[in-house]
Amino acid sequence: MLVRVGSRRGARRLSAVLLACSLAFACDRQADRAAGVSVSWDLEPVPPVAGAPGIARLTVRDAAKQPITGATLRLEGHMSHPGMAPVLSPMAEREPGSYEAPIQFTMAGDWILVVTGDLPGIGRLTREIEVARVRPVSCVDLFKAPVVR
């Protein structure tokens, strides 16, 4: 589609308006509307081990400290440096407000877990969890791996 604008000043104004609308739309879609929500988490095994199955558990509560049920959550694991494929896993609700996902770190080092999803009646949730010093796997770790339900 071609739009003709009579002057450079008009073209600049149109460009500024289009840019502002695009940014406003993008920011609104990505906004974390779950500001009063608390997320606590733990990992098993402790400390986390690369190459062995593990479990990530989250507890999600609203501002009144009540469990948030029925959320659709997804877990993404990213190495702290670029170039590695992310580890992806949907989270399942095991108890009211408690969610869990299998996770297997593919490499030793520092990781960032990103939890995203939708909370019923609240909106979008995005939280980052830093996991430092995932250690390399040993033979003993494979025998102690948690059972994923």
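**View 1. Glycine 51 in the loop between β1 and β2 of the predicted model**. At 32% relative accessibility, glycine 51 counts as partly exposed, because its value falls between the limits for buried (under 20% relative accessible area) and exposed (over 50%), as found with a 1.4 Å probe and protein chains only. Glycine 51 belongs to the loop between β1 and β2, where strands (E, at least two residues) and helices (H or I, at least four residues) are DSSP runs numbered from the N terminus. The C-alpha atoms of glycine 51 and glutamine 104 are 6.1 Å apart in space, although 53 residues separate the two in sequence. Because this is a predicted model, local features need pLDDT of at least 70 and side-chain atom pairs count only at pLDDT 80 or more, whereas totals for chains, interfaces and linings use all residues. Residues are numbered from 1 along each chain as its sequence is written, and side-chain values use heavy atoms, with hydrogens and water left out.

**View 2. Two cis peptide bonds in the loop between β1 and β2**. Glutamate 44 and proline 45 are joined by a cis peptide bond with an omega of about 5°, and proline 45 is found in the loop that runs between β1 (38–44) and β2. The bond from valine 46 to proline 47 is also cis, with omega near -10°, and proline 47 is likewise placed in the loop between β1 and β2.

**View 3. The open sheet β4-β3-β7-β8**. Four strands make up this open sheet, and their pairing is antiparallel, two strands being taken as paired if DSSP finds at least two bridges between them. Strands β4 (87–90) and β8 (123–134) stand at the edges and have a single partner strand each, so one side of each is left without a neighbour in the sheet. From one strand to the next the twist averages 15°, with axes taken as lines fitted to C-alpha atoms and angles running from 0 to 180 degrees between N-to-C directions. Within the sheet, β3 (residues 72–79) and β7 (residues 109–119) pair in the antiparallel sense over eight bridges, and aspartate 118 in β7 is the bridge partner of threonine 72.

**View 4. Glutamate 128 and arginine 133 in strand β8**. Glutamate 128, placed in strand β8, is exposed, with a relative accessible area of 60%. Not counting residues up to four places away in sequence, glutamate 128 touches Ile112, Leu113 and Val114, a contact being defined as heavy atoms within 4.5 Å. Its C-alpha atom is separated by 9.8 Å from that of leucine 75, which is 53 residues apart from glutamate 128 along the chain. Arginine 133 also has its place in strand β8; its phi is near 55°, a positive value in a residue other than glycine, and at 66% relative accessibility arginine 133 counts as exposed.

**View 5. Leucine 119 and the largest nonpolar core**. This core has 26 residues, and those with the most contacts inside it are Leu73 and Leu119; a nonpolar core is a set of buried Ala, Val, Leu, Ile, Met, Phe, Trp, Tyr and Cys residues joined through side-chain atoms within 4.5 Å. Two or more residues are given to this core by each of β2 (54–61), β3, β6 (98–103), β7 and β8. Leaving aside its neighbours within four places in sequence, leucine 119 is in contact with Ala34, Val37, Val60, Ile68, Ala71, Leu73 and Leu125.

**View 6. The hairpin of β5 and β6, with lysine 65 in another loop**. Strand β5 (residues 92–95) and β6 pair in the antiparallel sense over three bridges, among which glutamate 93 has tyrosine 99 in β6 as its bridge partner. Two residues lie between the strands of this hairpin, and glycine 97 in the turn has a positive phi of about 80°. Lysine 65, found in the loop between β2 and β3, has a phi near 70°, a positive value in a residue other than glycine, and is exposed, with a relative accessible area of 54%.

**View 7. Residues 14–31 and the confidence of the model**. Over residues 14–31 pLDDT, the predictor's confidence in each residue from 0 to 100, stays under 50, and the model has four contacts for this stretch beyond four places in sequence. Where pLDDT is low, the predicted coordinates should not be read in detail. For the chain, the mean pLDDT is 82, and 70% of the residues reach 70 or more.
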